[in-house]
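Subject: Structure handover

Hi,

Here is the structure I promised to pass on. My notes follow below it.

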Amino acid sequence: MTLPAPSERAFVPFVSVANMMALIHAIGLERMLCELADAIEADFKRWELFDKTPRVAAHSPDGVIELMPTSDGTHYAFKYVNGHPKNTRDGLQTVQAFGLLADVDTGYPVLLSEMTVLTALRTAATSAMVARHLAPKSARVMAMIGNGAQSEFQCLAFKAICGIDTVRLYDIDPDATAKATHNLAGSGLDIIACASPEEAVEGAQIITTCTADKQYATILTDNMVGSGVHVNAIGGDCPGKTELHRDILLRSDIFVEYPPQTRIEGEIQALDPDHPVTELWQVIRGEAAGRVDGRQITLFDSVGFATEDFSALRYVRDALERHAMFDRLDMLADPDDPRDLFGMLERARP
Ligand SMILES: NC(=O)c1ccc[n+]([C@@H]2O[C@H](COP(=O)([O-])OP(=O)(O)OC[C@H]3O[C@@H](n4cnc5c(N)ncnc54)[C@H](O)[C@@H]3O)[C@@H](O)[C@H]2O)c1
């Protein structure tokens, strides 16, 4: 007996890892980073429209699993993402992610997507978009500390969006630096592999820290951050998991995505709960000051916020109209009579 075929409404576009990579190559990585940065920035400008909540985190001794939901009233999105720094020792990724976009009117999903690769792009696009507002305009040299999965994406976003032409790489694992050096050869960036974090920050106007360790770490000490520098701190994004010495925070003007989440997860967990921070959306809308002088240390205390994933999923959904790089997943039940779910099950009896 032939089973009834799913109806058209049963299918949700699904972007696999293979299709995400094909989509990125079809658009061009640097172009996609620029377009994602613009999409993320545009949604920060609509800040008050979004439902906002600190992400829901399930901690375990070796890592965290998080759900990141938000909605602008028209679309709803969530991302599932983990962070397990010890994974790389077993040949696994530190971060894996997938996400879903849905139509608020019907509650029907309109896109299911891998988001491991997409998260690397959206995090890099966010960092560089923020640096466009906060870093010295003349910045050409970036120190990149932590040369793991996110690192090349960060370097290329800063090249495409901020005009960085030189990156100074450092990782405690020289193999990671060798991998990043190899991957970035031919990118148009000057790549300098460094033997210490102190060497990496020499002459850098932007310092990106992107390390993974499930404990308080001190990737940057106070003496390593001179005046005028912009710090893009990516890797401190969980309770107990930070990268910067507290004294750096006390000398910096600190910019955050969503304070209720960053106070739990970001570098500022080391500070008093009422330590002043500036919300990025206000800087992006021109309602708060960003960089005001050449000697100021600006710090983007990045933890990653749900609206950035929302923007990335909407971007991908739109891009699929030009590049049909998706599978159709039979994911939604669609009986002929909406109330006859049971009858649909019965008709499918083998
Ligand atoms: N803020 C965000 O939006 C966001 C998004 C994605 C990932 N992250 C975080 O970014 C970090 C990096 O992610 P990834 O996927 O690249 O991880 P990864 O495990 O692939 O790479 C991390 C690298 O850091 C290096 N490292 C660890 N301790 C170091 C130290 N003391 N000095 C120098 N290097 C050190 C490791 O050797 C490794 O190469 C993680 O902590 C992750 O949770 C943040």
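**Ser187 and its loop**

At 15% relative accessibility, Ser187 counts as buried. Bear in mind throughout that the model is predicted. Ser187 sits in the loop between α5 (174-184) and β9. A polar atom of its side chain lies 2.6 Å from the backbone oxygen of Leu184.

**The sheet**

The loop with Ser187 leads to β9, so the sheet comes next. There is an open sheet of 8 strands, with parallel pairing. The order is β9-β8-β7-β10-β11-β14-β12-β13. Which strands stand at the edges? They are β9 (190-193) and β13 (278-279). Each has a single partner strand, so one side of each is left without a neighbour in the sheet.

Strands of a sheet pair through backbone hydrogen bonds, either parallel or antiparallel. Two of the pairings here are worth a look in detail.

- β7 and β8: 5 bridges join β7 to strand β8 (residues 166-170), and the two run parallel. Met142 stands opposite Val167 in β8.
- β10 and β11: strand β10 (residues 206-209) and strand β11 (residues 230-233) pair in the parallel sense over 4 bridges. Thr208 has Asn232 in β11 as its bridge partner.

Strand β7 (residues 141-145) is mostly covered. How many of its residues are buried? The count is 5 of 5. In a regular strand the side chains alternate between the two faces of the sheet. In β7, Val141, Ala143 and Ile145 point one way. Met142 and Met144 point the other way. All of these residues are buried.

Ile207 belongs to strand β10. Its relative accessibility is 1%, so Ile207 counts as buried. Ile207 and Met144 are 63 residues apart in sequence. In space their C-alpha atoms are 6.3 Å apart.

**The ligand**

There are 25 residues around the ligand. Which come nearest? Thr94, Asp171, Thr211, Lys241 and Ser302 do. The residues of this shell divide into 10 nonpolar, 10 polar and 5 charged.

Three contacts to check on screen:

- Thr94: a polar side-chain atom lies 2.6 Å from an oxygen atom of the ligand.
- Asp171: an N or O atom in the side chain is 2.6 Å from an oxygen atom of the ligand.
- Ile172: a backbone N or O atom lies 3.4 Å from a nitrogen atom of the ligand.

How much of the ligand does the protein bury? Taken alone, the ligand exposes 860 Å². The protein buries 88% of that.

**Cysteines**

A disulfide is a covalent bond between the sulfur atoms of two cysteines. The count here comes to 0 disulfides. Cys194 is in no disulfide. The nearest cysteine sulfur, that of Cys155, is 12 Å away from Cys194. Cys194 is buried, at a relative accessible area of 9%.

Why is Cys238 without a bond to Cys210? The sulfur of Cys210 is the closest cysteine sulfur, but at 14 Å from that of Cys238 it is too far for a bond. The cut-off for a disulfide is a pair of sulfur atoms within 2.5 Å. Cys238 counts as buried too, at 3% relative accessibility.

**Helix α10**

Helix α10 (residues 306-322) holds Asp309. Is Asp309 buried or exposed? Asp309 is buried, with a relative accessible area of 1%. Asp309 and Leu100 are 209 residues apart along the chain. Their C-alpha atoms are separated by 9.5 Å.

Val316 lies in helix α10 as well. At 0% relative accessibility, Val316 counts as buried. Val316 and Ala233 are 83 residues apart along the chain. Their C-alpha atoms are separated by 26 Å.

**Asp334**

One more acidic residue. Where is Asp334? Asp334 is in the loop between β15 (327-330) and α11 (341-347). Asp334 has a relative accessible area of 15%. Buried means under 20%, so Asp334 is buried. Its side chain and that of Ser7 are joined by a polar contact of 2.3 Å.

Best wishes

Terms used: Residues are numbered from 1 along each chain as its sequence is written. This is a predicted model: local features need pLDDT of at least 70, side-chain atom pairs count only at pLDDT 80 or more; totals for chains, interfaces and linings use all residues. Side-chain values use heavy atoms; hydrogens and water are left out. A residue is near a molecule or strand if one of its heavy atoms lies within 4 Å of it. A polar contact is a pair of N or O atoms within 3.5 Å; within protein, one must be able to donate a hydrogen and the other to accept it, and residues adjacent in sequence count only if both atoms are side-chain atoms. Accessible areas come from the Shrake-Rupley method with a 1.4 Å probe; for residues, only the protein chains shown count as cover. Ala, Val, Leu, Ile, Met, Phe, Trp, Tyr, Cys and Pro count as nonpolar, Asp, Glu, Lys and Arg as charged, and the others, Gly among them, as polar. Buried means under 20% relative accessible area, exposed over 50%, partly exposed in between (1.4 Å probe, protein chains only). Two strands pair if DSSP finds at least two bridges between them.
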